[in-house]
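Got the viewer open and a selection box ready? Here is a short walk through the model, one stop at a time.

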Amino acid sequence: MTFSGVFAPIPTPFADDGELDLAGLRDNVDRWMSTGLRGLVVLGTNGEAPLVDDDEADRLIAAARERIPAGRVLIAGTGRQSTRSAILASRRAADRGADAVLVRTPSCFTGQLTTSTFIRHYTAVADASPVPVLLYNFSAFTGVTLPVEAAAALSIHENIVGLKESGPDMSYVGDLVGLAPDGFSVLVGSAPTFFTSLALGAHGGVLALACVAPAACLRLYELVHAGRYDEARELQRHVTPLAKLVTSIHGVPGLKAALSLIGYVGGRPRLPLDPVGDDAVAQIRRQIDLLTSFTCVETH
């Protein structure tokens, strides 16, 4: 199994009472699976993973697997603060049908999180995981950075198949691409820098924007791979404003608002997160309309 192309890190829908909305999840997955997305990530950062209990996580993975056909990839976020918990979460995810696990860096006790600590942590998880492991670096979320040296050392592990880098640091992405051996995928999580990342040699993206505008993300990926860089740059210019609104500006609440606007089950975020206000919804709606207008013109 290769980990390249465009993946959507999907939100977790909650009912009005705060419980999981598994019916809504299944409906959303059916719709995403009607697109050309390579696969979905459940319980990544956009899935509000830190706000979901372990038993809920198990149910979400199983429900998504029911709707994701063979040949399409289900990746489950199993990052935990302790190595033991990450191993247990990875095993449970595999039991419920995940094709791979995305393991976020630990972030407690930052003074003790050295290169060797990260290597020991991920080696133990990969040794114990029944499915392939993707490293996950998201410094803006965790406050720590997986050293490039650690990623390079871990990339030779037979069960560590790639890394997702969610920041906009192109020098970090370039270093990872340069160090990655054959079979190790570098995936990026920043849609505003997707064109640049692909041009540097990244193998694909796990993009919040792909939840809302999968066709535009897929088109950008295809244009770069076809060497049509001028068209890719122009498309990047049009996707960036919406991408920022549903990530760095409004985060998960903005992403859920965008999904609700286009007919998915978005719903409220789980407390302590609050929904976005009316002004933010209006901003998001405008950018969705602008991107839709541009992509309709581009394809005709």
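Start with F109, and keep in mind that this is a predicted model. Is F109 buried or exposed? Color by accessibility and you'll find it exposed, at a relative accessible area of 67%. It sits in the loop that runs between β4 (100-104) and α4 (115-128). Check the backbone while you're there: phi of F109 is near 55°, a positive value in a residue other than glycine. Most residues other than glycine have a negative phi.

Next, select L43. Here too phi is positive, near 65°, and again the residue is not glycine. L43 belongs to the loop between β2 (39-42) and α2 (54-67). L43 is buried, though, with a relative accessible area of 4%.

One more backbone stop: show L271 and P272. The peptide bond joining them is cis, with omega about 15°. You'll find P272 in the loop between α12 (251-261) and α13 (278-298). As background, most peptide bonds are trans.

Now jump to S155, in the loop between α6 (148-154) and β6 (160-165). Its relative accessible area is 7%, so S155 counts as buried. Where does its side chain find a polar partner? Draw a distance from a polar atom of the S155 side chain to the backbone oxygen of A152, and you should get 2.7 Å. Then show what S155 touches beyond four places in sequence: I160, L179, P181 and F184.

Time for the interior. The largest nonpolar core has 94 residues, and those touching the most other members are I10, W32, L40, L135 and L146. Put W32 in sticks and, skipping neighbours within four places in sequence, bring up its contacts: I10, P11, L37, L40, R72, A210, C211, L259 and Y264. There is also a second, separate core of 12 residues, V73, A100, V161 and V206 among them. In soluble globular proteins, nonpolar side chains tend to be buried together.

Last stop: show helix α1 (residues 22-32) alongside α2. The two pack at an angle of about 35°, with axes 9 Å apart, and their crossing is right-handed. To see the interface, select L22, L25, R26, V29 and D30 on the α1 side, then R59, L60, A63, A64, E66 and R67 on the α2 side. Color that contact by class and you get six nonpolar, five charged and no polar residues.

Note on methods. Residues are numbered from 1 along each chain as its sequence is written. This is a predicted model: local features need pLDDT of at least 70, side-chain atom pairs count only at pLDDT 80 or more; totals for chains, interfaces and linings use all residues. Side-chain values use heavy atoms; hydrogens and water are left out. Helices (H or I, at least four residues) and strands (E, at least two) are DSSP runs, numbered from the N terminus. Buried means under 20% relative accessible area, exposed over 50%, partly exposed in between (1.4 Å probe, protein chains only). A polar contact is a pair of N or O atoms within 3.5 Å; within protein, one must be able to donate a hydrogen and the other to accept it, and residues adjacent in sequence count only if both atoms are side-chain atoms. Contact means heavy atoms within 4.5 Å. A nonpolar core is a set of buried Ala, Val, Leu, Ile, Met, Phe, Trp, Tyr and Cys residues joined through side-chain atoms within 4.5 Å. Axes are lines fitted to C-alpha atoms, for helices over the stretch in contact, and angles run from 0 to 180 degrees between N-to-C directions. A crossing is left-handed if the near helix is turned anticlockwise from the far one by less than a right angle, and right-handed if clockwise. Ala, Val, Leu, Ile, Met, Phe, Trp, Tyr, Cys and Pro count as nonpolar, Asp, Glu, Lys and Arg as charged, and the others, Gly among them, as polar.
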